[in-house]
Amino acid sequence: MKYIRSKEDSLKLGLSLFLLAGSVAGTIFCNRMTAEMKQELMILSQSSVMQTMPEEINSLDLLVQTLPGRIWMLTIVMLAAATPIAHWCMCFAAGYAGLANAVLICVLTMEFGVKGLLRYLLLIFPQGLCYIFAGYCVLWWMPAKEKRFTVPSVLFLVTLVCIGGLLESLINPRFLAWFEKIFL
């Protein structure tokens with residue numbers, strides 16, 4: 001019981017449990033769907049994956065579509081982190097991330113089998129590194145170390161998310177197309 005008494009360990013446990021619960025919920029959701037729902041989910045996922053292919057969309061257009069959404073998500077998470085119920089907001093954000101990623105992994109494995117796991121990794125690389133680090137800072141490190149948002153910390157997080165957006169729109173589609181031509 002001593003493990004859960006500290007604020008840092010409580011946050012780790014809460015984030016981990018909600019991430020796991022979201023992953024389990026997303027997996028159960030995908031496995032309990034009817035055939036019609038699975039078909040519609042596959043069509044929806046194909047259209048969203050096709051948006052990242054360079055033949056379909058201009059990288060600058062993709063950047064203009066992607067970056068405001070990523071900045072908006074960061075803003076919402078930072079505002080939630082500044083509330084009195086920040087711990088629960090962070091746990092909810094971790095649960096949502098687990099659910100969304102579990103559904104994406106399930107859709108990709110339904111369509112491509114084991115290669116779907118590789119496709120998932122390709123879809124989140126390299127921008128996922130920036131987003132994961134920003135999420136780590138906001139969801140765990142800052143609350144655990146009782147850091148507050150300052151102008152430099154907010155600028156750092158916004159810069160990190162902007163770099164992630166640039167990687168997502170300029171590098172990832174080309175990397176994904178190159179990798180699919182060679183290996184998949």
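Trainee: With which side chain does the side chain of Q127 make a polar contact?

Mentor: With that of N172, at 3.4 Å. A polar contact is a pair of N or O atoms within 3.5 Å; within protein, one must be able to donate a hydrogen and the other to accept it, and residues adjacent in sequence count only if both atoms are side-chain atoms. The 3.4 Å between Q127 and N172 lies within that 3.5 Å limit, so the name fits.

Trainee: Before we go on, what kind of model is this?

Mentor: It is a predicted model, in which local features need pLDDT of at least 70 and side-chain atom pairs count only at pLDDT 80 or more, while totals for chains, interfaces and linings use all residues. Residues are numbered from 1 along each chain as its sequence is written, and side-chain values use heavy atoms, with hydrogens and water left out.

Trainee: Where is Q127 found, and why does Q127 count as buried?

Mentor: Q127 is in helix α7. Buried means under 20% relative accessible area, exposed over 50%, and partly exposed in between, with a 1.4 Å probe and protein chains only. Q127 has 4%, which is under 20%, so Q127 is buried.

Trainee: How many helices and strands does the chain have?

Mentor: Eight helices and zero strands. Both are DSSP runs numbered from the N terminus: helices are H or I with at least four residues, strands are E with at least two. Of the 184 residues of the chain, 34% count as buried.

Trainee: What makes R70 and E168 a salt bridge?

Mentor: The term asks for a side-chain nitrogen of Lys or Arg within 4 Å of a carboxyl oxygen of Asp or Glu. The closest N and O atoms of R70 and E168 are 2.6 Å apart, which is within 4 Å, so the pair qualifies. This pair links distant parts of the chain, with R70 in helix α4 and E168 in helix α8, 98 residues apart. The structure holds one salt bridge.

Trainee: Is E168 buried or exposed?

Mentor: Buried, because its relative accessibility is 14%. R70 is partly exposed, because its relative accessible area is 25%.

Trainee: How many aromatic pairs are there?

Mentor: Six. One of them is F133 with Y136, a stacked pair with 6.4 Å from centre to centre and 25° between the planes.

Trainee: Why is the pair of F133 and Y136 called stacked?

Mentor: Rings of Phe, Tyr and Trp (its six-membered ring) pair if their centres lie within 6.5 Å; planes under 30 degrees apart count as stacked, over 60 as edge-to-face and the rest as tilted. For F133 and Y136, 6.4 Å meets the distance limit and 25° the stacking limit. Both residues lie in helix α7, three residues apart, about one turn of the helix. Ring pairs also link F133, Y136, W140 and F156 into a cluster.

Trainee: How do you know that R119 lies over the face of F112?

Mentor: R119 is 3.7 Å from the ring centre of F112. A charge sits over a ring if NZ of Lys or CZ of Arg is within 6 Å of the ring centre and within 35 degrees of the ring normal. The 3.7 Å of R119 falls within 6 Å, so the distance part is met.

Trainee: Why does I85 count as exposed?

Mentor: Because its relative accessibility is 51%. I85 is found in the loop between α4 and α5.
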